[in-house]
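Here are some questions about a structure, with the reasoning behind each label. Have the coordinates open as you read.

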Amino acid sequence: MRKIIVTTMITLDGVMQAPGGPEEDPSGGFKYGGWVAPYGDKVGGEVVRKQMEPADYLLGRKTFEIWEPYWPEHADFWPGINEGTKYVLSKTVDKSDWKNTVFIDSLAGIEGIKKTDGPDIQVWGSSEVVQLLLKNDLVDELCLKIYPLTLGEGKKLFDNGAMPTAFTLVESLVTTTGVIIATYKRAGEVRTGTIEV
């Protein structure tokens, strides 16, 4: 069985929309595109390069439409992006010239891919896909890059439908610009108790 790893950049208030640039995703009138740029440093860059090791990818249609014209021409920055299989969840798009692109149209399609042998499946961006995965208990790991700012608006990582799930912190670091990079793995059911004072 393959692991599904959600890899995303978020603000302190959970916004994940358009971290890379002003034109990345202005939907809904979002005006803060490119909010990660002031926080770049060598430490964060090394983590991102490590995360760009060969994998397969699960993308929503909107993220795919942002990636499709860009990454085939910039593979020198992300070696392997063109070789990895891009699984795209979409009910409206079903073809692409970008090699190794496979379209699926349902949660059952994602569940079927997860049950196969192969490399880990990374989810970058794709807020609606992430929320679908969280609602259906399909996330094995969360790799969060938490940036020290709030935006108050925009697409968010967590919605009201995430399944109650416990995670364990397995790796963390803080960059020189205050970005917290934390990797969490599934840890089973949520446990509760009473705090003793």
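The turns below ask why certain terms apply to this predicted model.

Q: Why is Lys114 called buried?
A: Lys114 has a relative accessibility of 8%. Buried means under 20%. Lys114 therefore counts as buried.

Q: Where is Lys114 found, and which residues does Lys114 touch?
A: Lys114 is found in helix α3. Leaving out residues up to four places away in sequence, Lys114 touches Met1, Arg2, Lys3, Ile4, Ile121, Leu138 and Asp140.

Q: What makes the buried residues of α3 lie on the same side of the helix?
A: The buried residues of α3 are Ile110, Ile113 and Lys114. They cover an arc of only 100° around the axis, so they sit on the same side of α3.

Q: What do the buried residues of α3 pack against?
A: They pack against strands β1, β2 (56-60), β3 (86-89), β4 (101-104) and β5 (121-124), and against helix α4 (127-135).

Q: How many cavities of 30 Å³ or more does a search of the whole structure find?
A: The search finds one. The largest cavity has a volume of about 30 Å³.

Q: Which residues line the largest cavity, and how do they divide by type?
A: The lining consists of Ile4, Leu58, Tyr87, Ile104, Ile110, Ile113, Lys114 and Ile121. Seven are nonpolar, none is polar and one is charged. Lysine belongs to the charged class, so the charged residue is Lys114. Helix α3 (residues 107-114) gives the largest share of this lining, three residues.

Q: What makes up the largest nonpolar core?
A: The largest nonpolar core has 22 residues. Those with the most contacts inside it are Leu58, Ile110, Val123 and Leu133. The elements that give two or more residues to this core are β1, β3, α3, β5, α4 and β6. Helix α4 gives the largest share, four residues. In soluble globular proteins, nonpolar side chains tend to be buried together.

Q: Which residues does Leu58 touch?
A: Not counting residues up to four places away in sequence, Leu58 touches Tyr87, Ile104, Ile110, Ile121, Gln122, Val123, Trp124, Ser126, Val129 and Leu133.

Q: What lies apart from the largest nonpolar core?
A: Another core lies apart from it, with 13 residues. Among them are Ala55, Trp78, Ile81 and Val88.

Q: How do you know that Asp56 is buried?
A: The relative accessible area of Asp56 is 8%. The cut-off for buried is under 20%. Asp56 therefore counts as buried.

Q: Where is Asp56 found, and what does Asp56 touch?
A: Asp56 is found in strand β2. Residues up to four places away in sequence aside, Asp56 touches Arg2, Gly84, Thr85, Tyr87, Pro119, Asp120, Ile121 and Gln122. The C-alpha atoms of Asp56 and Glu83 are separated by 8.6 Å, with these positions 27 residues apart along the chain counted as their separation.

Q: Why are the buried residues of α2 placed on the same side of that helix?
A: In helix α2 (residues 61-70), Thr63, Phe64 and Trp67 are buried. Their arc around the axis is only 95°, which puts them on the same side of α2. What covers them includes β2, β3, β4 and β5.

Q: Is Ser126 buried or exposed?
A: Ser126 has 6% relative accessibility. That is under 20%, so Ser126 counts as buried.

Q: What stands out in the phi of Ser126 and Asp137?
A: Most residues other than glycine have a negative phi. Ser126 has a positive phi of about 55° although it is not a glycine. Phi of Asp137 is also positive, near 55°, and Asp137 is not a glycine either. Ser126 lies in the loop between β5 and α4, and Asp137 lies in the loop between α4 and β6.

Q: Why is Asp137 called partly exposed?
A: Asp137 has 35% relative accessibility. Buried is under 20% and exposed is over 50%. The value falls in between, so Asp137 counts as partly exposed.

Conventions. Residues are numbered from 1 along each chain as its sequence is written. This is a predicted model: local features need pLDDT of at least 70, side-chain atom pairs count only at pLDDT 80 or more; totals for chains, interfaces and linings use all residues. Side-chain values use heavy atoms; hydrogens and water are left out. On a 1 Å grid over the protein atoms alone, a cavity is a set of points where a 1.4 Å probe fits but cannot get out, and a pocket is an open set with protein on both sides within 12 Å along at least five of seven lines; lining residues have an atom within 4 Å of a point. Grid points are joined across faces, edges and corners, and a volume is the space filled by probe spheres set on the points. Buried means under 20% relative accessible area, exposed over 50%, partly exposed in between (1.4 Å probe, protein chains only). The arc is that of the directions from the helix axis to the C-beta atoms. Contact means heavy atoms within 4.5 Å. A nonpolar core is a set of buried Ala, Val, Leu, Ile, Met, Phe, Trp, Tyr and Cys residues joined through side-chain atoms within 4.5 Å.
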